[in-house]
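Q: I would like to learn how to read a protein model one feature at a time. Could you take me through this one?

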Amino acid sequence: MDKDVLIIGGGIGGLTAALALARRGYRVRVLEAAPEFGAIGYGIQLGPNVFHMFERLGLSEAVLRVSIVPRALVMLDALDGREVACVPTGESFEARFKHPYIVLHRIDLHHVLLDACKALSAIELVPSAAAVGFEDVGERVRVRSKDGRTFEAAAVIGADGLGSAMRAQMLEEGAPHFIGYVAHRTIVPMERVPAGVRRDDVVLWGGPGYHIVHYPLRQKTLFNIVAVFRTSTYAEKGDLAGHRAEIEKTYRDAQPAMKSLLAMMDLERRWAISDRDPIRHWHRGRVVLLGDAAHPTVQSLAQGACMAIEDAVSLAEMIHEAQGDFATAFRRYESARLLRTARVQLESRALWPFYHAEGIARDVRNATTAPWSEEDMFRCLAWLYDGFALPAEGEESQQRMQAGSRH
């Protein structure tokens, strides 16, 4: 009974945590609010740091089979089209960071994780179970779902994202911090992409108060486009005509290639962008948070999913090392992950005005980056892409055996 865990949220972080815990001998139930386990169908970027986790779970090959390794990460100036910065992601990148930078369809990543979970009898997937609150009753935790059901386990992991119900009960802090920007996302067939648009790179066009990111998916048969911009209407529910008019006004001075991409986009739906300030404590009693529930970030570093995956595997390892002493495991997990995830949050905020610089700030940015070399770029990214160290396989049990022999 002390080796069962409830995970709230069947997204990337939740499924990764389920796999990592089941691998260590825990029985896991994953509660998902939606009627079926799935993902929003757009692209996702993963840095080389995430492969340290995939290797531990035996997922690297499966993930690579549904991924593309882009030629480079490129930032272009939206007004004049010039290159602002470039990170080559070919041989020299992999030689330096030991793993590739990849882009893939979020649904494909989700299916890799979901298939791995379904293959393990220790994992139970429970759809249509929207968790709304918990009760810590000493040795157990009870979770209530929206439809009145109760689920119980020795510990609960809140992997329920930015609007986490688990976090809302733990912390009285109000709504997330909306930054005044929105995002529109679209995937189009590659044959529709206009000539002259880079198809082999991850490209970010940075402009005054706006940007566009695009890259290929699924053996380069699809093209993922994300348009982000500042607007006073970020909290309002608009309509297609209003969104189109706002886009045309915002991007009026942008490069023709950007406008041709915008013309293909589905502008019906948009997402308001938000984050939260870093906090020091992500657990209360037998309940702990991971991923966006613990440290939501804006997308500047494209590391939200990577941090959730790192959290999930490291948390499972801490629980395993502590032999089910959840209080100790949760404290160690917070201590190990705090500064890295807070840095991602804060550096992502700091990069936001860099991407959207205007006036003299844009001139300064472009002049500053002009002499940057490949080596300079790798050095700037080393703290992130070198990854997060996990205990070596077998190291923990060996340490316990040594400790036992001394007593």
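**Reading the model, feature by feature**

A: Gladly, and let us begin with a helix. In helix 12, the buried residues are Met377, Phe378, Leu381, Ala382, Trp383, Leu384 and Tyr385. Keep in mind as we go that this is a predicted model.

Q: How should I read a list of buried positions in a helix, and what covers the buried residues of helix 12?

A: The general idea is that an α-helix has 3.6 residues a turn, so residues three or four places apart point the same way. In this case, the cover over the buried residues of helix 12 includes strand 5 (72–77) and strand 6 (83–88), along with helix 4 (91–97), helix 9 (304–321) and helix 10 (326–355).

Q: How far apart are the end C-alpha atoms of helix 12?

A: They are only 15 Å apart, although a straight helix of 12 residues would reach 16 Å at 1.5 Å a residue. Just past the helix, look at glycine 387: its phi is positive, near 90 degrees.

Q: Now strands, please. How many of the residues of strand 15 are buried?

A: In a regular strand the side chains alternate between the two faces of the sheet. Here, 8 of the 8 residues in strand 15 (residues 210–217) are buried, making the strand mostly covered.

Q: Which strands pair with strand 15, and do they run parallel or antiparallel?

A: There is one partner on each end of the numbering. Strand 14 (residues 202–207) runs antiparallel to strand 15 and is joined to it by 5 bridges. Strand 16 (residues 222–230) also pairs with strand 15 in the antiparallel sense, over 8 bridges. Histidine 211 is a handy marker: it is the bridge partner of glycine 206, and it stands opposite valine 228 in strand 16.

Q: Which residues take a positive phi in the two hairpins?

A: Between strand 14 and strand 15 there are 2 residues, and glycine 209 has a positive phi near 80 degrees in that hairpin. The hairpin of strand 15 and strand 16 has 4 residues between the strands, with arginine 218 at a positive phi near 45 degrees.

Q: As a bench biochemist I always check cysteines. Why does the structure hold 0 disulfides?

A: A disulfide is a covalent bond between the sulfur atoms of two cysteines. For cysteine 117, the closest cysteine sulfur belongs to cysteine 306 and is 18 Å away, too far for a bond. Both cysteines are buried: cysteine 117 has a relative accessible area of 1%, and cysteine 306 has 0% relative accessibility.

Q: How many aromatic pairs are there, and how do I read one?

A: The count comes to 16 aromatic pairs. Take phenylalanine 93 and tyrosine 101: their ring centres are 6.5 Å apart and their planes lie at 80 degrees, so the pair is edge-to-face. Both of these residues are buried. Phenylalanine 229 and tyrosine 251 are edge-to-face too, because their planes are at 75 degrees, with centres 6.2 Å apart. That pair links distant parts of the chain, 22 residues apart: phenylalanine 229 is in strand 16, while tyrosine 251 is in the loop between helix 7 (240–250) and helix 8 (256–262).

Q: Which residues form one aromatic cluster?

A: Phe93, Phe97, Tyr101, Phe378 and Tyr385 do. Phe378 and Tyr385 are also among the buried residues of helix 12.

Q: Last one: where do arginines sit over rings?

A: Arginine 337 lies over the face of phenylalanine 388, 4.5 Å from the ring centre. The charged end of arginine 365 is over the ring of phenylalanine 354, at 5.9 Å from its centre.

Notes: Residues are numbered from 1 along each chain as its sequence is written. This is a predicted model: local features need pLDDT of at least 70, side-chain atom pairs count only at pLDDT 80 or more; totals for chains, interfaces and linings use all residues. Side-chain values use heavy atoms; hydrogens and water are left out. The expected span of a helix is 1.5 Å times one less than its number of residues. Buried means under 20% relative accessible area, exposed over 50%, partly exposed in between (1.4 Å probe, protein chains only). Contact means heavy atoms within 4.5 Å. Two strands pair if DSSP finds at least two bridges between them. A disulfide is a pair of cysteine sulfur atoms within 2.5 Å. Rings of Phe, Tyr and Trp (its six-membered ring) pair if their centres lie within 6.5 Å; planes under 30 degrees apart count as stacked, over 60 as edge-to-face and the rest as tilted. A charge sits over a ring if NZ of Lys or CZ of Arg is within 6 Å of the ring centre and within 35 degrees of the ring normal.
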